[in-house]
Amino acid sequence: MTLESALFLTTFSFGHVFFPGHPTPLLLATGGMGAKKAWQFTLGMAIAHGLLMALALGVGQFFLKMLMAVWPGGKFWISHVDIPILLVLGCLLLREAFHKGGEVERARKMLDPKRPFLTGAAIGFIPCPDTIGYAMIGGAIGMNGLAHTAMATSIVFLGTALGFCSVTAVASFMPKLVKSPKLGSAICLVTALICFANVTWRTWNTWNDWA
């Protein structure tokens, strides 16, 4: 696995936590629970979702090998599928950023489960739209051998987990931020910029390879 692939996986895994649907439960948990319960909930969600995304990445690599067996030329097209995926995600996030009433504002009900870690894990194991993206990216980055696969899945797991923990950490130190009506839009805007930055970087490198 190349350094470019490792950096891409790190930024995408960390950044995808801020896509719509991911930070809301954590922010609501932080606002409606005590600090201890909030972190238990966060760890449950971070571990479960990190494992799910890492599994999707590994499955994508498995399907790439099956594809290569019947269509050797398919690797070229699969290796660049992350570019349109990120471009579409960035556009959707940009639209959400300027849409009146973000997801945080629409989600009013506070969470206060009796078993916060298990509740967080149950939510974390719910596949998100990015699960398919991870499967495609797993086929795109070209992991060769068990060592590369283990490294890539570990990066995805850690990046995802750190992303969730960062949300709760910021919300814990800045409780007023959770109640801000502009929070949802700001999250979407920043994540859209991350997507567009990745698209620009990947497109530039792809162009240089062709040139």
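Colleague: Which residues have the most contacts inside the largest nonpolar core, and how many residues does that core have?

Modeller: A good place to begin. In this predicted model, the largest nonpolar core has 26 residues, and those with the most contacts inside it are Leu9, Phe12, Leu57, Tyr134 and Val156. The elements that give two or more residues to this core are α1, α3, α5 (82-97), α8 (130-140), α9 (145-173) and α11 (183-210). Its largest share, six residues, comes from α5.

Colleague: Which residues are in contact with Tyr134, leaving aside neighbours within four places in sequence?

Modeller: With those neighbours set aside, Tyr134 is in contact with Phe12, Ser13, His16, Met53, Ala56, Leu57, Val156 and Thr160. Phe12, Leu57 and Val156 are also among the residues with the most contacts inside the core. Besides this core there is a second, separate one of 11 residues, which includes Ala38, Ala161, Phe164 and Ile187.

Colleague: Now a single helix, please. Which residues of α1 are buried?

Modeller: The general idea comes before the case. An α-helix has 3.6 residues a turn, so residues three or four places apart point the same way. In α1, the buried residues are Ser5, Ala6, Phe8, Leu9, Phe12, Ser13 and Gly15.

Colleague: What span should helix α1 have, and how far apart are its end C-alpha atoms?

Modeller: At 1.5 Å a residue, the 13 residues of α1 (residues 3-15) should span 18 Å. The end C-alpha atoms of α1 are 18 Å apart, which agrees.

Colleague: Let's turn to the surface. Which residues make the nonpolar surface patch?

Modeller: Leu43, Ile47, Leu51, Phe117, Leu118 and Phe125 make a patch of about 550 Å². Helices α3 (35-70) and α7 (116-124) each supply at least two of the patch residues, and α3 gives the most, with three.

Colleague: Take Leu51 as an example. Why does Leu51 count as partly exposed?

Modeller: Leu51 sits in helix α3. Its relative accessibility is 45%; partly exposed covers values between the buried limit, under 20%, and the exposed limit, over 50%, so Leu51 counts as partly exposed.

Colleague: And the chain as a whole: how many helices and strands does it have?

Modeller: The secondary structure comes to 11 helices and zero strands. Of the 211 residues, 46% count as buried. The chain exposes about 11,300 Å², and carbon and sulfur atoms supply 75% of that area.

Colleague: What about contacts between residues at least 6 apart in sequence?

Modeller: Among those contacts, 88% join residues at least 24 apart.

Technical notes: Residues are numbered from 1 along each chain as its sequence is written. This is a predicted model: local features need pLDDT of at least 70, side-chain atom pairs count only at pLDDT 80 or more; totals for chains, interfaces and linings use all residues. Side-chain values use heavy atoms; hydrogens and water are left out. Patches are made of residues with over 30% relative accessible area and no salt bridge: like charges are joined within 9 Å, nonpolar side chains (Val, Leu, Ile, Met, Phe, Trp, Tyr) within 5 Å. Accessible areas come from the Shrake-Rupley method with a 1.4 Å probe; for residues, only the protein chains shown count as cover. A salt bridge is a side-chain nitrogen of Lys or Arg within 4 Å of a carboxyl oxygen of Asp or Glu. Helices (H or I, at least four residues) and strands (E, at least two) are DSSP runs, numbered from the N terminus. Buried means under 20% relative accessible area, exposed over 50%, partly exposed in between (1.4 Å probe, protein chains only). Contact means heavy atoms within 4.5 Å. The expected span of a helix is 1.5 Å times one less than its number of residues. A nonpolar core is a set of buried Ala, Val, Leu, Ile, Met, Phe, Trp, Tyr and Cys residues joined through side-chain atoms within 4.5 Å.
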